[in-house]
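Hi,

Here is the structure I promised to pass on. Have a look at it first, and my notes on what turned up follow below.

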Amino acid sequence: MSPSQHPSAGDDARLPAQPDDGRAASAAPAAAGSNGSSRPRREGSAERPATRRKGSVELRRGQATVPQADKMLLDADDSGGFTRTDPWRVLRIQSEFVEGFGTLADLGPAISVFGSARTARDSSFYAIGEEVGRRLVGSGFAVITGGGPGAMEAANKGACEAGGTSVGLGIELPFEQGMNEWVDLGINFRYFFARKTMFVKYASGFVVLPGGFGTLDELFEAMTLVQTGKVTSFPIVLVGVAYWQPLLDWIHGTLLAEGTISEKDLSLLQLVETAEEAVRIVAASAGHDHPA
């Protein structure tokens, strides 16, 4: 140690005496209060409860003992625990919306196409999906799908081969699917509700091919948004009469008969058999010319 690092005798004189046993430690004066005094607290005196601020939240008594946010953030021993908290999830959800809005803001007119991931490539509905994608591009639309296989792949393929913008909005699932090879612009989401917002916000209508629970979920959500006025001038077209007619019969024979929907709600859905009919309807609703 250099001479400059050694305390002088004057320094030693100013250093507090070090206790040499527990009794000496207990006799040490209390820390200075807010007014700079070193008066010890009196036994049994009435004191204000301990208070802590945590951002905009004020904590008192037992609540004031929670760990500091900075400590939780900087502590390397939490093993990623903070990333599993709800506040962190809020930030992650926010990032998904920001990413989606930023990526799709300049997309232009688009139509969302839904359908089963299980549709086989040799299925007639796969061929219809391709034609839907191709005709939508010919009518001036980008094509948005869930980015997966089956009917989604078919619509993306038709759009890509027609030289249009082929969009895939993927979702984290317990079984890995990944984006189909015909997606040119793809976004992967963790949260269904963030993904669903993008399907609706950037589309002028829905074309719905035969599908299962996921397709029905998206279909009925779209119907509810139109019914409640959350979106306007939003055509929803079902493709495949034999597939969808039993559902429409149930809606008419049960929901309408029981009074749980009104007569005008039946007009929310339009049923067609061909890709040409489907694209003509959505193009007319959006004011686009539909090529012959």
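Strands β8 and β9 run parallel and are joined by 4 bridges. One pair to look for is Val239, whose bridge partner in β9 is Val272. Between these two strands the chain goes through helix α9 (residues 241-258), and this β-α-β crossover is right-handed. Before you lean on any of this, keep in mind that the model is predicted.

On its other side, β8 has β7: these two also run parallel, with 3 bridges between them. Here Phe206 has Ile236 of β8 as its bridge partner. The connection from β7 to β8 goes through α8, again as a right-handed β-α-β crossover. β8 itself is worth a look for its side chains. In a regular strand these alternate between the two faces of the sheet. That is what you see here: Ile236 and Leu238 point one way, Val237 and Val239 point the other way, and all are buried.

Now zoom out to the whole sheet. It is open and parallel, with 7 strands in the order β6-β5-β4-β3-β7-β8-β9. The edges are β6 (185-189) and β9 (269-272), each of which pairs on one side only. From one strand to the next, the twist averages 20°.

Over in the other half of that strand order, β4 (residues 142-145) pairs with β5 (residues 166-171) in the parallel sense, over 3 bridges. Thr145 has Gly168 as its bridge partner in β5.

What lies on the sheet? Two helices stood out in my notes. Helix α6 (residues 151-161) lies across β3 (110-114), β4 and β5, and runs at about 160° to β4. Helix α8 (residues 213-227) packs on the sheet too, touching β3, β7 (206-208), β8 (236-239) and β9, and its direction makes about 150° with that of β8.

Is α6 mostly covered or mostly open? Mostly covered, with 9 of its 11 residues buried. The buried residues are Ala151, Met152, Glu153, Ala154, Ala155, Asn156, Lys157, Gly158 and Ala159, so Glu153 and Lys157 count as buried by the cut-off of under 20% relative accessible area. The buried residues of α6 pack against α5 as well as against β3, β4 and β5. Just after the helix, have a look at Gly163, which takes a positive phi of about 85°.

α5 brings me to the helix pair I'd show you next. Helix α5 (residues 124-138) packs with helix α10 (residues 275-285) at an angle of about 35°, and their axes are 9 Å apart. α5 passes α10 in a right-handed crossing. From α5, the contact is made by Ile128, Glu131, Val132, Arg135 and Leu136; from α10, Ala275, Glu276, Val279 and Val282 take part.

Finally, some totals for the chain. There are 10 helices and 9 strands. Of the 292 residues, 34% count as buried. The accessible surface comes to about 17800 Å², with 54% of it belonging to carbon and sulfur atoms. Among contacts between residues at least 6 apart in sequence, 66% join residues at least 24 apart.

If you only have a few minutes, I'd start at β8, with its parallel neighbours β7 and β9, and then go over to α6 and its buried residues.

Cheers

How values were computed:
Residues are numbered from 1 along each chain as its sequence is written. This is a predicted model: local features need pLDDT of at least 70, side-chain atom pairs count only at pLDDT 80 or more; totals for chains, interfaces and linings use all residues. Side-chain values use heavy atoms; hydrogens and water are left out. Two strands pair if DSSP finds at least two bridges between them. Axes are lines fitted to C-alpha atoms, for helices over the stretch in contact, and angles run from 0 to 180 degrees between N-to-C directions. Contact means heavy atoms within 4.5 Å. Buried means under 20% relative accessible area, exposed over 50%, partly exposed in between (1.4 Å probe, protein chains only). Accessible areas come from the Shrake-Rupley method with a 1.4 Å probe; for residues, only the protein chains shown count as cover. A crossover is right-handed if, with the strands pointing away from the viewer, the path from the first strand over the helix to the second runs clockwise. A crossing is left-handed if the near helix is turned anticlockwise from the far one by less than a right angle, and right-handed if clockwise.
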